[in-house]
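The following paragraphs lead the reader through selected parts of a protein structure. Please keep the sequence and the coordinates at hand while reading.

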Amino acid sequence: MNTIRTWMLAATIAGSAALAAPAAQAQGKSLTLCWAAWDPANALVELSKDFTAKTNIAMKFEFVPWPNFADRMLNELNSKGKLCDLIIGDSQWIGGSAENKHYVKLNDFFAKEGIKIDDFMPATVAGYAEWPKGTPNYWALPAMGDALGWTYRKDWFAKPALQAEFKAKYNRDLAAPKTQTELKQIAEFFQGRDVDGKKVYGAAIFTERGSEGITMGVANALYPFGFKYQDPKKPYAMAGFVNSDDAVKGLEFYKSLYKCCTPPGYSNAYMQEGLDAFKSGQAALQMNWFAFFPGLFKDPNVGGDKIGFFVNPAEKETGSQLGGQGLSVVSYSANQAEALAYIKWFASLDVQKKWWELGGYTCHKGVLNDPGFAKSTPFAADFLVAMGQVVDFWAEPSYAQLMQAEQARIHDYVVADKGTAKQALDLLIQDWTKVFKEDGKL
């Protein structure tokens, strides 16, 4: 997951926290950690105070709003800049950052310090740390587990009149959906309805074209319907998988959900627009990243007893888009020893427990497998389920070109009404084939 609009406040808070470091520490060693500007980053600022207290190494933070995060940080890495000692980079960057030697390989360090990568959830190791995929070569420590999930207006669902009307129409209770089909029925039920004297809409979903939004959104329909990126037995062989009959049905479904059930003017929406729609009482359902759920639960207007959470629904199969990031040491840093000390500190079970308590999403099995974890928050159990069924976009060094191609093809079909779903997926295979041929993969 990469991009958001307007998270400047988070960056300001983080910057203030860095400037507040005691003068004695500022005169000694310091590290700069680079990440996106969002709620979990604020939690990391708070958590990192313990590292400074323990080591006397001051922490500075460079947090960039999501719409600019990838461009800003990948430019920094490609230019071999020295701004970042540590970086929490997106899962899709791992291939390029490893092959271009932007990140320090961590295998020897893990072995020396007794850090066991098996202590972390397998999906996060594969998604955030490994390159090449499926090999024991690690370029990051899983840092911020995340997946696509859903929120819903639990208080609206509980209204007796709506319950009765819904059951009469669909012969089932108005409750969190278990399938994509049920999700669409709920969205249709609420679309244009008057609730508490206000016109509301069915579902806030991702449609943004400029960065990664519609790709991250449509995946959560494609995966459950049966889309695959490639032949499991033949890497980069995409025909019959990317454009399978099931994949076509998934893409058609996502377009139908967009057309029937989104708020007005929702043709270029991603994370922030979804949050805005849900917080303002516009949407009955919202797709978004689990990373935002702690803040939503605390929201005075739509949180608490008013909000419910559910895992991306199945259809033919289960599947949720992987989000989240790994923590890496930048190879151009002059402070690699101190940066590695931060990773060692962050990997400890006690720190991971506090990370979860502060609003970060730990990937550590010692926290996730605790008997009390599933009940620690209203969304913790769903998070565990989602992380057990995640699928990620290509993590290839050329992921940016691959992403741009899907953004264009899917948006053209879903939002701009160009061509058919099958044509969009056929063209996407052509685009991706060209990239992989240029990379020497085909």
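In this predicted model, Leu31 stands opposite Met59 of strand E2. The two strands concerned are E1, which covers residues 30-36, and E2; they run parallel and are joined by seven bridges. Strand E2 itself spans residues 58-64 and is mostly covered, with five of its seven residues buried. In general, the side chains of a regular strand alternate between the two faces of the sheet. Helix H3, made up of residues 39-55, combines with E1 and E2 in a β-α-β unit, and this unit is right-handed.

The description now turns to helix packing. Two packed helices are described by two quantities, namely the angle between their axes and the distance between those axes. Helix H9 (residues 160-170) packs with helix H10 (residues 180-190) at an angle of about 125 degrees, and their axes lie 12 Å apart. Because an angle of this kind falls outside the ranges for roughly parallel, roughly antiparallel and roughly perpendicular, H9 is oblique to H10. The crossing in which H9 passes H10 is right-handed. On the H9 side, the residues that meet H10 are Leu162, Glu165, Phe166 and Tyr170. Their counterparts in H10 are Gln185, Ile186, Glu188, Phe189 and Phe190.

A second helix pair is formed by H11, residues 213-225, and H12; these pack at an angle of about 130 degrees, with 8 Å between their axes. H11 and H12 are therefore oblique to each other, and their crossing is right-handed. H11 contributes Ile214, Gly217, Val218, Ala221, Leu222 and Phe225 to the contact. From H12 come Asp246, Ala247, Lys249, Gly250, Leu251, Phe253 and Tyr254.

Helix H12, which comprises residues 245-261, also holds Tyr258. Is Tyr258 buried or exposed? Its relative accessibility is 11%, and since the cut-off for a buried residue is under 20%, Tyr258 counts as buried. Which residues does Tyr258 touch, once those up to four places away in sequence are set aside? The partners are Ile205, Thr207, Tyr266, Ser267, Val414 and Val415. A further relation concerns Ala204: Tyr258 and Ala204 are separated by 54 residues in sequence, and their C-alpha atoms are 8.7 Å apart in space.

How values were computed: Residues numbered from 1 in each chain as written. Predicted model: local features only at pLDDT ≥ 70, side-chain atom pairs only at ≥ 80, totals over all residues. Heavy atoms only, no water. Buried < 20%, exposed > 50% of the residue type's maximum accessible area, 1.4 Å probe, protein only. Helix = DSSP H or I, 4+ residues; strand = E, 2+ residues; numbered from the N terminus. Pairing = 2+ DSSP bridges. Right-handed = clockwise from strand over helix to strand, strands pointing away. Axes fitted to C-alpha atoms, helices over the stretch in contact; angles between N-to-C directions. Parallel < 35°, antiparallel > 145°, perpendicular 65-115°, else oblique. Left-handed = near helix turned anticlockwise from the far one by under 90°. Contact = heavy atoms within 4.5 Å.
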